[in-house]
Amino acid sequence: MADIARGLGAQRIEAIATSAVREAKQQAVFLKRVEEEVGLKVRVISAEEEARLACLSFLHHFELGIEIWGAQQKAGLFEEVFQTKLVYKHVNPKE
């Protein structure tokens, strides 16, 4: 993806990692390998930042729509932004 972005003329590429890397036992090994092999320093973001970015993306891409998110914080941020209460149920496919 970084090569494609560079090929399209991207001036800046920012790589972020979310819950999978945030919770990984070998996080440091993964981050080092990405930097060495791809040349990008990956920034691991918090669950709150992940929720904020997901909400901003939703607002940017959809006039009206439904998004299924994996974290309850995202729904809470959505409620705060839209000043409305969502009715939702958290479902974990591992359960």
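**Notes on a predicted model: helices, core and salt bridges**

1. Let us start with a single residue. Asp3 has a relative accessible area of 63%, so Asp3 is exposed (exposed means over 50% relative accessible area, buried under 20% and partly exposed in between, with a 1.4 Å probe and protein chains only). Its partner is Arg6: the two side chains meet in a salt bridge, at 3.6 Å from N to O. A salt bridge here is a side-chain nitrogen of Lys or Arg within 4 Å of a carboxyl oxygen of Asp or Glu. Arg6 counts as partly exposed because its relative accessibility is 39%. Both residues belong to helix H1, three residues apart, which is about one turn of the helix.

2. A word on what you are looking at. This is a predicted model, in which local features need pLDDT of at least 70 and side-chain atom pairs count only at pLDDT 80 or more, while totals for chains, interfaces and linings use all residues. Residues are numbered from 1 along each chain as its sequence is written, and side-chain values use heavy atoms, with hydrogens and water left out.

3. Now the overall layout. The protein chain has five helices and two strands, and from the N terminus on its elements run α-β-α-α-β-α-α. Helices (H or I, at least four residues) and strands (E, at least two) are DSSP runs, numbered from the N terminus. Of the 95 residues in the protein chain, 20% count as buried. The accessible surface comes to about 7,900 Å², and carbon and sulfur atoms account for 55% of that surface; such areas come from the Shrake-Rupley method with a 1.4 Å probe, and for residues only the protein chains shown count as cover.

4. Helix H3 deserves a look. It covers residues 27–38, twelve residues, and spans 16 Å from its first C-alpha to its last, close to the 16 Å expected at 1.5 Å a residue (the expected span is 1.5 Å times one less than the number of residues). Just after H3 comes Gly39, with a positive phi near 85°. Within H3, the side chains of Lys32 and Glu36 form a salt bridge at 3.8 Å, N to O. These two residues are four apart in H3, about one turn of the helix, and both Lys32 and Glu36 are exposed. An α-helix has 3.6 residues a turn, so residues three or four places apart point the same way.

5. Which residues make up the largest nonpolar core? There are eight: Ala2, Ala15, Ala17, Val21, Leu31, Val34, Leu40 and Val42. Strand E1 (15–17) and H3 each supply at least two residues of this core. A nonpolar core is a set of buried Ala, Val, Leu, Ile, Met, Phe, Trp, Tyr and Cys residues joined through side-chain atoms within 4.5 Å.

6. Val34 is a good core residue to click on. Val34 sits in helix H3 and counts as buried because its relative accessibility is 18%. Setting aside residues up to four places away in sequence, Val34 touches Gly39, Leu40 and Val42, where contact means heavy atoms within 4.5 Å. Its C-alpha is 9.9 Å from that of Ala15, 19 residues apart along the chain.

7. Another pair worth following is Val21 and Val44. Val44 has its place in strand E2 and counts as partly exposed because its relative accessibility is 30%. The C-alpha atoms of Val44 and Val21 are 7.2 Å apart, with their positions 23 residues apart along the chain. Beyond four places in sequence, Val44 touches Ala17, Val21, Arg22, Gln27 and Leu31. Val21, on the same footing, is in contact with Gln27, Phe30, Leu31 and Val44.

8. How many salt bridges does a search of the whole structure find? It finds seven. One of them joins the side chains of Arg43 and Glu14 at 2.7 Å, N to O. This pair links distant parts of the chain, with Arg43 in strand E2 (residues 42–44) and Glu14 in the loop between H1 and E1, 29 residues apart. Arg43 counts as partly exposed because its relative accessibility is 39%, and Glu14 counts as partly exposed at 42%. Together with Arg12, Glu14 and Arg43 are linked in a network of salt bridges.
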